[in-house]
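Visitor: I have a structure to look at with you. Could you walk me through it, one question at a time?

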Amino acid sequence: MLRQIETTIYCPYCGEPQTILIDPSVLQQSYIEDCQVCCRPIEFQVEVSVDGEDVSVMTMTDND
Ligand SMILES: [Zn+2]
């Protein structure tokens, strides 16, 4: 069964909350996506628990 986990993060540039969807079938993910508000590139590091129920998301600026 395919599903996605919805979670809220805060942009490290402008601080605006935004909702992202995580695919829990991949336990460790990192990717860059532009902020929906200020369009600057946010680096996401995502960890999904083994049972696929919990996600933790770290957001960083691209130039760290
Ligand atoms: Zn932003």
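Visitor: Which residue forms a salt bridge with Glu 53?

Guide: Happy to start there, with a note that this is a predicted model, in which local features need pLDDT of at least 70, side-chain atom pairs count only at pLDDT 80 or more, and totals for chains, interfaces and linings use all residues. Residues are numbered from 1 along each chain as its sequence is written, and side-chain values use heavy atoms, with hydrogens and water left out. A salt bridge here is a side-chain nitrogen of Lys or Arg within 4 Å of a carboxyl oxygen of Asp or Glu. The closest N and O atoms are 3.5 Å apart, and the partner of Glu 53 is Arg 3.

Visitor: How many residues apart in sequence are the parts that this pair ties together?

Guide: Strands are DSSP runs (E, at least two residues), numbered from the N terminus. Glu 53 sits in the loop between β4 (41-48) and β5 (55-61), and Arg 3 in the segment before β1, so the pair links parts that are separated by 50 residues.

Visitor: Is Arg 3 buried, partly exposed or exposed?

Guide: Buried means under 20% relative accessible area, exposed over 50%, and partly exposed in between (1.4 Å probe, protein chains only). Arg 3 has 33% relative accessibility, so the label is partly exposed.

Visitor: Which side chains of β1 point to the buried face?

Guide: The side chains alternate along β1, and Glu 6, Thr 8 and Tyr 10 point to the face that is not buried. Thr 7, for example, has a relative accessible area of 19% and therefore counts as buried. Thr 7 is also in contact (heavy atoms within 4.5 Å) with residues beyond four places in sequence, including Ile 20, Val 55 and Val 57. The buried face carries Ile 5, Thr 7 and Ile 9.

Visitor: In β2, what is the bridge partner of Glu 6?

Guide: Two strands pair if DSSP finds at least two bridges between them. Here 6 bridges join β1 (residues 5-10) to β2, and the two run antiparallel. They form a hairpin with 6 residues between them, where Gly 15 in the turn has a positive phi of about 75°. Across in β2, Glu 6 is matched with Leu 21.

Visitor: What arrangement do the donor atoms make around the zinc ion?

Guide: Donors are N, O and S atoms within 2.8 Å of the metal (3.2 Å for Na, K and Ca); water is not among the atoms, so sites may look incomplete. The SG atoms of Cys 11, Cys 14, Cys 35 and Cys 38 coordinate the zinc ion at 2.3 Å. Four donors count as tetrahedral if all angles lie between 85 and 135 degrees. The angles here are 103 to 115°, so the arrangement is tetrahedral.

Visitor: How many disulfides does a search of the whole structure find?

Guide: A disulfide is a pair of cysteine sulfur atoms within 2.5 Å. The sulfur of Cys 39 lies 6.8 Å from its closest cysteine sulfur, in Cys 38, which is too far for a bond. For disulfides, the whole-structure search gives 0.

Technical notes:
Four donors count as tetrahedral if all angles lie between 85 and 135 degrees; four count as square planar and six as octahedral if opposite donors are over 155 degrees apart and all others between 65 and 115; anything else is irregular. Helices (H or I, at least four residues) and strands (E, at least two) are DSSP runs, numbered from the N terminus.
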